[in-house]
Amino acid sequence: VHEVSRIYNIACIPGDGIGVDITNAAIQVLNKLSSTLKTFEFDFKTYDWSSKAYLERGWYMPPDGLAQLKTHDAIYFGAVGWPAVPDHISLWSLILPIRKALNQYVNVRPTRILQGTKSPLEGCQVGDLDWVIVRENSEGEYSGQGGTSHEGFENAVATEVAVFTQVGIERIMRFAFETARARPRRKLTLVTKSNAQRHGMVLWDKVFYEVAKEYEDVETDKMLVDAMTVRMVLHPKSLDTIVATNLHADILSDLAAALSGSIGIAPSSNLDPTRKFPSMFEPIHGSAPDIAGKGIANPVGAFWSAAEMVRWLGQEKGADVLMRAVENVTARGFKTRDLGGERNTKEVTDSVCEEIEKLV
Ligand code: ATP
Ligand code: MG
């Protein structure tokens, strides 16, 4: 008889479109992981906070929604957004309030080429592209500050104010340096646009070099965001850990995912490093209305995000088993169409489950 040592309460927000398919796939795989390892269990509670629900009842999250989330050990998020609702409404009704209220000021986005998958970059092999993008997740361009003056459309003036604070920058830099230090190459690249944006971005540069003094064992360099896109494509091997603002890292991580094979494989972790509040795990892709309901979404980004959640909860072995299972499956060519394969969501999910059993 095995004793279950820990039950984790997980809030699940599947959201819209393929968010629902891949969240179900992630729950199936996480349940398989816990029933196979037998050292921990998950208690999932699903919240129907989607655009579909919004269109019916007029709200995404109830007034006590954030308080409900706070009672969980972690949050698993699918994807939110639907063509009938303007994107800024879904973003500002759900995901941004959660990130802000739960102190998730770090967004970690690892990318690498998985076994059996291919980069669109010629000659770029497994191991040649292995990055972690550390995204500032609480301020900057997504501060929500600004407004529109002049009523109506003619002659409208809109401002979108990027707010950067020394405290906000320093805490993301510390996290980025710690991340870089924990990886074999100990290399951190700062991305800004401090030539054209002479206030916030210059403060980013200053704080970076201040914090760098405490991490002499970490090699540093600095890129402007435009030049960075070129370097990612032409010299992927030259990069390791990358730190960038909310907007820049958002864009660079979509590029990173595409360069590693597909936007469908990349995970993200919205972390509260103080661990006062639950952290949130979600694939970087959106709800993909074009393939919703077809059962062909790639669940790998969802599995990788689930593995990051398991690791954050302290179950290193569980996370390693899950990732090895995923990579054994892709290595066998068991892939969805976006990766050049012929399998559907269910087939990939079932074989990851079988693989977990084999590995334990
Ligand atoms: P968001 O605004 O939420 O980031 P988006 O409009 O950027 O969403 P995504 O939903 O991320 O767009 O998807 C862009 C395209 O990539 C989709 O139309 C879809 O074809 C493809 N795609 C995204 N995720 C997956 C996936 N998991 N599996 C297969 N294809 C995907
Ligand atoms: Mg997107």
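How do the residues of the shell around ligand 1 divide into nonpolar, polar and charged? The split is 6 nonpolar, 8 polar and 3 charged. Before going further, please keep in mind that this is a predicted model.

I'll stay with the ligand for a moment. Ligand 1 is surrounded by 17 residues. The closest are Gly 264, His 285, Gly 286, Ala 288 and Asn 298. Of those, I want to pick out Ala 288, which sits in the loop between strand S12, residues 279-283, and helix H9, residues 300-312. Its phi is positive, about 40°, although Ala 288 is not a glycine. Most residues other than glycine have a negative phi. Ala 288 counts as buried because it has 22 C-beta neighbours inside 10 Å, and the threshold for buried is 20 or more.

There is a second residue of this kind. Lys 38, also not a glycine, has a positive phi near 60°. Lys 38 is in the loop between helix H1, residues 18-37, and strand S2. Its surroundings give 13 C-beta neighbours inside 10 Å, so Lys 38 counts as partly exposed.

Next, the sheet. It is an open sheet of 10 strands with mixed pairing, and the order is S2-S1-S3-S12-S11-S4-S5-S10-S8-S9. At the edges are S2, residues 40-46, and S9, residues 219-224, each of which pairs on one side only. From one strand to the next, the twist averages 25°.

I'll start at the S2 edge. S1, residues 6-15, pairs with S2 in the parallel sense, over 7 bridges. Within that pairing, Ala 11 has Lys 45 of S2 as its bridge partner. Helix H1 comes in here as well, since it contains Asn 31. Asn 31 and Glu 41 are 10 residues apart in sequence, and their C-alpha atoms are 7.6 Å apart in space. Asn 31 counts as partly exposed, because it has 14 C-beta neighbours inside 10 Å.

At the other edge, S8 and S9 run parallel and are joined by 6 bridges. Lys 187 stands opposite Glu 219 in S9. S8 is mostly covered, with 5 of its 6 residues buried.

Now to S4. Which residues point one way from S4, and which the other way? Val 106, Val 108, Pro 110 and Arg 112 point one way, while Asn 107, Arg 109 and Thr 111 point the other. In a regular strand the side chains alternate between the two faces of the sheet. In S4 the residues on both sides are buried, which is 7 of 7 for the strand.

S4 has a partner on each side in the strand order, S11 and S5. With S5, the pairing is antiparallel over 7 bridges, and Thr 111 stands opposite Trp 131 in S5. With S11, residues 267-271, the pairing is again antiparallel, over 3 bridges. There, Asn 107 stands opposite Asn 270 in S11.

One helix to place against these strands is H5, residues 166-181. H5 lies across S4, S5, S8 and S10, and runs at about 165° to S5.

Two lysines in loops remain. Where is Lys 118? Lys 118 lies in the loop between S4 and S5. It counts as partly exposed because 16 C-beta neighbours fall inside 10 Å. Leaving aside residues up to four places away in sequence, Lys 118 touches Gly 261 and Gly 340. Asn 270, by contrast, is 152 residues from Lys 118 along the chain, with 27 Å between their C-alpha atoms.

The other is Lys 237, in the loop between helix H7, residues 225-234, and S10. Is Lys 237 buried or exposed? It counts as exposed, because it has 11 C-beta neighbours inside 10 Å, and the limit for exposed is 12 or fewer. Lys 237 and Glu 342 are 105 residues apart in sequence and 30 Å apart in space, C-alpha to C-alpha.

Last, the annotation. An unreviewed UniProt entry gives "domain: Isopropylmalate dehydrogenase-like" for residues 9-352. In the model, that span is 40% helix and 22% strand, and its end C-alpha atoms lie 23 Å apart.

Technical notes
Residues numbered from 1 in each chain as written. Chains lettered and ligands numbered in written order. Predicted model: local features only at pLDDT ≥ 70, side-chain atom pairs only at ≥ 80, totals over all residues. Near = placed C-beta within 6 Å. Nonpolar A, V, L, I, M, F, W, Y, C, P; charged D, E, K, R; others polar. Pairing = 2+ DSSP bridges. Helix = DSSP H or I, 4+ residues; strand = E, 2+ residues; numbered from the N terminus. Axes fitted to C-alpha atoms, helices over the stretch in contact; angles between N-to-C directions. Contact = placed C-beta atoms within 7 Å. UniProt positions renumbered as here; feature names shortened; annotations may be inferred.
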